[in-house]
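Visitor: I would like to be walked through the interior of this protein, beginning with its packing and ending with its enclosed spaces.

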Amino acid sequence: MASAVISPLNVCVKAAVGAPNVLGDCPFSQRVLLTLNEKSLPYNMKLINVSNKPQWFLEANPEGKVPVLELDGKWVADSDVITQLIEEKYPIPPLSTPSEYASVGSKIFSTFVTFLKSKDPNDGSEQALLNELRALDEHLKVHGPYVNGENVSAVDLSLAPKLYHLEVALGHFKKWTVPEDLAHVHAYMKSLFSREWFVKTAAAKEFVIAGWEPKVNP
């Protein structure tokens, strides 16, 4: 039986800082794009200059946040909600992560941001991040290469952009890298970052740095 032709979905994502026609550095926008690509869903990508949002975008999405996806005639915000709705509406191929693994790595992004912004080397923020990365490494050691084993799932598509930001921003602003002894995390990042869809949807490193600059040096 021929599969039904799916009309392209409209998705709004962040444009690059200072380059409104180039894909920007929002890890949550990239997560949605990765999900659409992994499911081979066609889409129209609309780049939103978050410092000068167009009127039609604000009318469709009064909160003005990206990413947003138009689904069944409604604009839906929040990458958690968007990716869940995509999974429900387009279940093939399945990307859902078993509930017992769904929170793996969930504190990495917040601990990374705290450490990135920290000016005090003794505030424990680096150790907090290391603890989270070590927990991920232990999980991957037992269950890898991805969080749910052999196949990429939703949790990997959420973690991949965040780990990319971590690598780029901490490397640039703090000359910090993930410790070499976290071999499973290194292999995981290398594998995710080399996937075709990740390469196509990742912001250039200079735009990641530009996006974090005002938060690190306000």
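**Cavities and cores**

Guide: This is a predicted model, and I begin with one of its enclosed spaces: by class, the lining of the second largest cavity has 6 nonpolar, no polar and 2 charged residues.

Visitor: Which helices each supply at least two residues of the lining of the second largest cavity?

Guide: That lining consists of Leu34, Glu38, Leu157, Ala160, Leu192, Arg195, Trp197 and Phe198, around a space of about 40 Å³. The helices that each give at least two residues to this lining are α1, α6 and α8 (196–201).

Visitor: Which element contributes the largest share of the lining of the largest cavity?

Guide: The largest cavity has a volume of about 50 Å³ and is lined by 13 residues, with Gly24, Asp25, Cys26, Gln30 and Thr201 nearest its centre. Both α1 (27–38) and α6 supply at least two residues of this lining, but the largest share, 4 residues, comes from α1.

Visitor: Which helix gives the most to the largest nonpolar core?

Guide: The largest nonpolar core has 42 residues, and Phe112, Leu133 and Leu166 have the most contacts inside it. At least two of its residues come from each of α4 (108–117), α5 (125–143), α6 (154–173), α7 (183–193) and α9 (205–216). The greatest contribution, 10 residues, is that of α6.

Visitor: How many residues does the second, separate core have?

Guide: Nonpolar side chains in soluble globular proteins tend to be buried together. The second core, separate from the largest, includes Leu9, Val13, Leu23 and Tyr90, and its number of residues is 14.

Note on methods:
Residues are numbered from 1 along each chain as its sequence is written. This is a predicted model: local features need pLDDT of at least 70, side-chain atom pairs count only at pLDDT 80 or more; totals for chains, interfaces and linings use all residues. Side-chain values use heavy atoms; hydrogens and water are left out. A nonpolar core is a set of buried Ala, Val, Leu, Ile, Met, Phe, Trp, Tyr and Cys residues joined through side-chain atoms within 4.5 Å. Buried means under 20% relative accessible area, exposed over 50%, partly exposed in between (1.4 Å probe, protein chains only). On a 1 Å grid over the protein atoms alone, a cavity is a set of points where a 1.4 Å probe fits but cannot get out, and a pocket is an open set with protein on both sides within 12 Å along at least five of seven lines; lining residues have an atom within 4 Å of a point. Grid points are joined across faces, edges and corners, and a volume is the space filled by probe spheres set on the points. Ala, Val, Leu, Ile, Met, Phe, Trp, Tyr, Cys and Pro count as nonpolar, Asp, Glu, Lys and Arg as charged, and the others, Gly among them, as polar.
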